[in-house]
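Colleague: Could you take me through one part of this model in some detail, and then set it against its wider surroundings? A careful, connected account would suit me better than a list.

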Amino acid sequence: MNIAIIGTGYVGLVTGACFADFGVNVICVDKDGSKIERLKRAEIPIYEPGLKELVEKNLREGRLSFTTEIEDAIRRSLVIMIAVGTPPRGDGSTDLSYVEEVARTIAKNLNGYKVIVTKSTVPVGTGSLIERIIKEECPENHRFDVASNPEFLREGSAVEDFMRPDRVVIGAKTEEAKAILKDLYSPLYLIETPFVITDIETAELIKYASNAFLAVKISFINEIANLCERVGADVHVVAKAMGLDKRIGPKFLHPGPGFGGSCLPKDTMGLMDMAKKQGYNFRLMSAVIEINQEQRLRMRDKIKHMLGGTLKGKTIAVLGLTFKPNTDDIRESPAIDIIKLLLEEGAGIKCYDPAGMPNARAVLGNSVTYCQDAYHTAEGADCLVIATEWNQFRNLNMERIKQLLKEPVLVDLRNVYNPQRMQKMGFRYSSVGRC
Ligand code: UDX
C-alpha cells in the first residue's frame, strides 16, 4: 500500500518513518524544499531518540521517500494523512488554513478512491469541513472517505509510543475506510493493541479529551503541592498514595512549574474554545489553564523568596530550557517563561540545556548568558534553578556546585534532589510541594 503523509513536522515525520517500518510504502511531503533535501540524507530537523536510525533504515530499504511534489504523492497514494500544523490563534481557536489548503490540493488531484485522514489535532467538525471542501472542489466525481486517526505521541518517546501505543483510535464513516486504516496498523495486532473504532467526531474529541485530562491531572497535583507547602505535607507521598488507587493511576501526578510543550497548552485552549462556540462554558478547563499560568508566577516568587525578596541585580543559573527532557522543543516551556519573568525583575540569567540552546537563543537572544555545562552555569551565581529534569542534572556533583555558586541556594522546580540531603550539605534548598 502507498500512503502519503503531508507535513514533515514532528507528527508527520515520526508517523511516516514508523509506518515505513511497518512495511508500508510512505511518501512524506513538505513545502520546505531544503528540509526535504536534508531528510533525503536522513538529516533530522528535530531531536527525537531513535528517529534518525528509523529514517536511515527505511530510506535505505526503499520504503520511505521525501518529496515536495504533493500532487504526485496524492495521485500515487490510497491513504493521505494530513499532518500539517494547526497553530493556535491568539484567541485560543485553531488556525486550520494549512489543513484547508491541503484539502483543496487533494480535491484537485483525486484520481480514484482514497482515504483522507487527519493526524494533526483538529477541532471537532474538521473531518466534515475537509469532506465539504473536497466535494466542492473536486472537478471529477471520485469516491473518497474522510477519517480521523489522532496521534498520542509524546516528544522524546514518540517512536516508542507509535510502536507500542496504549490504543489506536480510528474514526470513519464507512467500513471500507475503517478496514483500510486497520490494515495499516496490522503489526500492532501481534502485541494486542486495543483499537477504538468510532465515528469521526468522537475520534476528534478523544484526542482533546485525553490531552485535556492529562492537563487536569498536572494542574491538580500542582494545586495539591501548593497546599502541601502550606500545611507541611509531602506531595510525593500524597501522589504515590493517590496513584495506588487504580481508578486514579500513578502517571502525570508529578508536581512542577506547570505543563508546557506544543500540545497540552494548545489543546486545553482549543477544547475551551470549541466548547465556547457550542455555547458551553467548560469551567474546569479555564481553571486548569489559569492554575498552569499562575504556577509560573509562583515559581518566580519561590526563587525571589529564596534570594531574600528581591531579584534585582541577582545572577540566577538556570538548568534546563526545554519544556521537558529529551527534546529540543522550547514551545510554551515553563523554563523560558520563568526566565522572562526573572529578567523582567532585573535578574541576570546564566543558562544551559543539553539540546534546547539553539532554539532558546532564537527566543531569548542576548538577554541571557549561554553556558557550556551545569558547572559553568553555576559559577558565580546567587542561586541555581533546576527548571527541566534532564538526566544529566540528576546526578550533579553537588559539592562542586556548592563551591562554584556565590551563595549555596538551590531551587529545584522538578523535585530531583532529596531535600534533607541537600540541607545537610549546606544548601538553602526549595522544591515544589515538599517542606
Ligand atoms: C503530550 C501527550 O502526552 C501526548 O499523548 C500527545 O500526543 C502530545 O502531548 P508531550 O507534549 O510530548 O505529549 O509531553 P508530555 O510528556 O505529555 O508532557 C507535557 C508537559 O507536562 C511537560 O511540560 C511536562 O513537564 C509536564 N508534566 C508531565 C508535569 O508537569 N507533570 C507530570 O506529571 C507529567
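The residue I would like to start from is Asp382: is it buried or exposed, and what is its relative accessible area?

Modeller: Please keep in mind throughout that this is a predicted model. Asp382 is buried, because its relative accessible area is 8% and the class of buried residues covers values under 20%. Asp382 sits in the loop that runs between α15 (374-378) and β12 (383-386). From that loop, the side chain of Asp382 reaches the backbone nitrogen of Thr315, at a distance of 2.7 Å.

A second side-chain to backbone contact can be set beside this one. Ser210, a residue of helix α9 (residues 200-231), has a polar side-chain atom that lies 2.7 Å from the backbone oxygen of Ile206. Ser210 also counts as buried, since its relative accessibility is 19%, and the limit for that class is under 20%. Helix α9 holds Glu229 as well, and that residue counts as partly exposed because its relative accessibility is 27%. Between the C-alpha atoms of Glu229 and Ile134 there are 56 Å of space, with 95 residues separating the two along the chain.

Several other loop positions are worth a look around the part you asked about. Gly309 belongs to the loop between α12 (283-306) and β9 (315-319), and at 44% relative accessibility it counts as partly exposed. From Gly309 to Ile386 the C-alpha to C-alpha distance is 19 Å, with a separation of 77 residues in sequence. Gln392 is placed in the loop between β12 and α16 (398-404), and it too counts as partly exposed, with 43% relative accessibility. The C-alpha atoms of Gln392 and Ala374 are 8.8 Å from each other, while 18 residues separate the two along the chain. A further pair of this kind involves Arg76, a residue of helix α4 (residues 70-76) that counts as partly exposed at 45% relative accessibility. Arg76 and Ile27 lie 49 residues apart in sequence, and their C-alpha atoms are 9.1 Å apart in space.

Backbone geometry deserves a check at two glutamates. Glu332, in the loop between β9 and α13 (334-344), is not a glycine and yet has a positive phi of about 55°; its relative accessible area is 47%, so it counts as partly exposed. Glu192 lies in the loop between α8 (175-184) and β8 (195-198), and its phi is near 55°, again a positive value in a residue other than glycine. With a relative accessible area of 69%, Glu192 is exposed, because that class begins over 50%.

The cysteines call for a distance argument. The structure holds zero disulfides, and two of the cysteines show why. A pair of sulfur atoms would have to be within 2.5 Å to count, whereas the sulfur of Cys351 has its closest cysteine sulfur, that of Cys371, at 6.5 Å, which is too far for a bond. Cys351 is buried, with a relative accessible area of 0%. For Cys263 the closest cysteine sulfur is that of Cys18, and because the distance is 16 Å this is also too far for a bond. Cys263 counts as partly exposed, at 24% relative accessibility.

Finally, there is the matter of open space. The second largest pocket encloses about 300 Å³. It is lined by 17 residues, and those closest to its centre are Pro123, Val124, Asp273, Met274 and Lys277. Helix α11 (residues 264-277) supplies the largest share of this lining, namely five residues. By character, the lining of the second largest pocket is made up of six nonpolar, seven polar and four charged residues. Because domain 1 (2-198) and domain 2 (212-430) both contribute residues to that lining, the second largest pocket lies between the two domains.

To return to your starting point, Asp382 is a buried residue whose side chain reaches the backbone nitrogen of Thr315.

Key: Residues numbered from 1 in each chain as written. Predicted model: local features only at pLDDT ≥ 70, side-chain atom pairs only at ≥ 80, totals over all residues. Heavy atoms only, no water. 1 Å grid on protein atoms, 1.4 Å probe; cavity = no way out; pocket = protein on both sides within 12 Å on 5 of 7 lines; lining within 4 Å. Points joined across faces, edges and corners; volume = space filled by probe spheres on them. Helix = DSSP H or I, 4+ residues; strand = E, 2+ residues; numbered from the N terminus. Nonpolar A, V, L, I, M, F, W, Y, C, P; charged D, E, K, R; others polar. Domains from an automatic or database assignment. Buried < 20%, exposed > 50% of the residue type's maximum accessible area, 1.4 Å probe, protein only. Polar contact = N/O pair within 3.5 Å; in protein donor to acceptor, adjacent residues only side chain to side chain.
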